[in-house]
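Trainee: Could you take me through one part of this molecule slowly, please? I would like to see how it sits among its surroundings.

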Amino acid sequence: MKSVFMSIITLNIILFFTYKSEANPKDNANQSPNFVLIFIDDMGYGDASCFGATGYTTPNIDKLAAGGMRFTNFYSAQPVCSASRAALLTGCYPNRIGINGALFPNASVGINPAETTIAEMLKQKGYATAIFGKWHLGDAKEFLPLQHGFDEYCGLPYSNDMWPLDDLGQPVKKEHRRSSMPILPLIEGNETKELITDMKGQDKLTTLYTEKAVSFINRNAGKPFFLYVPHTMGHIPLGVSEKFRGKSEQGMYGDVMMEIDWSVGEIVKALEAKGIAENTVIIFTSDNGPWLNYGKYNLNAVRKENWKLILPHSWDSYDTIPGKNGLGSPRVRIKTAEKTRAELGCLNVEIANGAGTRETGKLNK
Ligand SMILES: [Ca+2]
């Protein structure tokens, strides 16, 4: 039932935006374009003010929407964290590369090393690459971002509710399904930088990823780069810094959205300050849509009228295809995967023979 419920809320927001900077007209216009991909976790269609949110505003996201292109009929390749990220980064249906649903801590599988990610493709063209945020394509070292085309990584290897605490940060009972999960690791490079043991650790993540992103832009402004910022928020449990706590009229979720909007603004400001905004494509989107069953955390930020918009589109395109594991899996009509390939097509990068035909990568033990 859960998968069906999540499948009916797959409508995402996607905003393409190429920024025109007034400053430094002699910037890197002759250089290959930079790409900044901002990927929000479980954000709903109506959670930016330009798409109807109330009780808080998202001026920086709204500015992207006003100055760029809005794609309002876009569907995730599979409405769940790992699978949607597999499609986003490889341009393949997640089913074809064996990534279905969400991977859990200490997973024995992950993205197949023989598949090609966006980061690996762009490195062929001399791009610097980084990911600051949630990976979720396997937490064993061989599946982590540095082994899949990224020069730098800091973030969680999977979802922030995969810890032995509840959604408010309290220890769960022994019989709870999370009780055997490990403490959340915050990974830098290939190593655990620190353990996140409470909500204070989660509160700092949006600002931490933003600071890392700005630093990466400042250090790589002189060459083409691909910056991937898949925020941990607003996946449950919700964490927000003191800068935004209590600032919205929509509870924690509104506060979280305000901090994400601030993060977008900081990234744009860094690009402008370096005079490279004109040559940077910013893509802002969400992985699968909101968890409406978390009412007091999410529902108040999602306008009820959006249900009317979302339901017909998603049901209309809901069908199944046989996966490599022999099971049918939900798919939707407009695909994350095709978007990825279209974007990369203009760069004339090579896609390896047989891409998208492999099974899940297996852990070598
Ligand atoms: Ca998600």
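Mentor: Let's start at the end of helix α7 (helices are DSSP runs of H or I, at least four residues, numbered from the N terminus): after α7 comes G275, with a positive phi near 70 degrees. Residue numbers count from 1 along each chain as its sequence is written. The model is predicted, so local features need pLDDT of at least 70 and side-chain atom pairs 80 or more, while totals for chains, interfaces and linings use all residues.

Now look along α7 itself. Its 23 residues should span 33 Å (1.5 Å times one less than the number of residues), and its end C-alpha atoms are indeed 33 Å apart, so the two agree.

Next, find its partner. α6 (residues 205–220) packs against α7 (residues 251–273) at about 10 degrees, with axes 9 Å apart (lines fitted to C-alpha atoms over the stretch in contact, with angles from 0 to 180 degrees between N-to-C directions). The two helices are therefore roughly parallel (under 35 degrees). In contact (C-beta atoms, placed from the backbone, within 7 Å) are, among others, A213, V214 and I217 of α6 with I260, I267 and L271 of α7.

Finally, look inward. The largest nonpolar core (buried Ala, Val, Leu, Ile, Met, Phe, Trp, Tyr and Cys joined through C-beta atoms within 7 Å; buried means 20 or more other C-beta atoms within 10 Å) has 76 residues, and α7 gives the most to this core, with 11 residues. I38, F226, L227 and V229 have the most contacts inside that core. Beyond its neighbours within four places in sequence, L227 is in contact with V36, A130, A213, F216 and I217.

Methods. Parallel < 35°, antiparallel > 145°, perpendicular 65-115°, else oblique. Contact = placed C-beta atoms within 7 Å. Buried ≥ 20, exposed ≤ 12 C-beta atoms within 10 Å, placed from the backbone.
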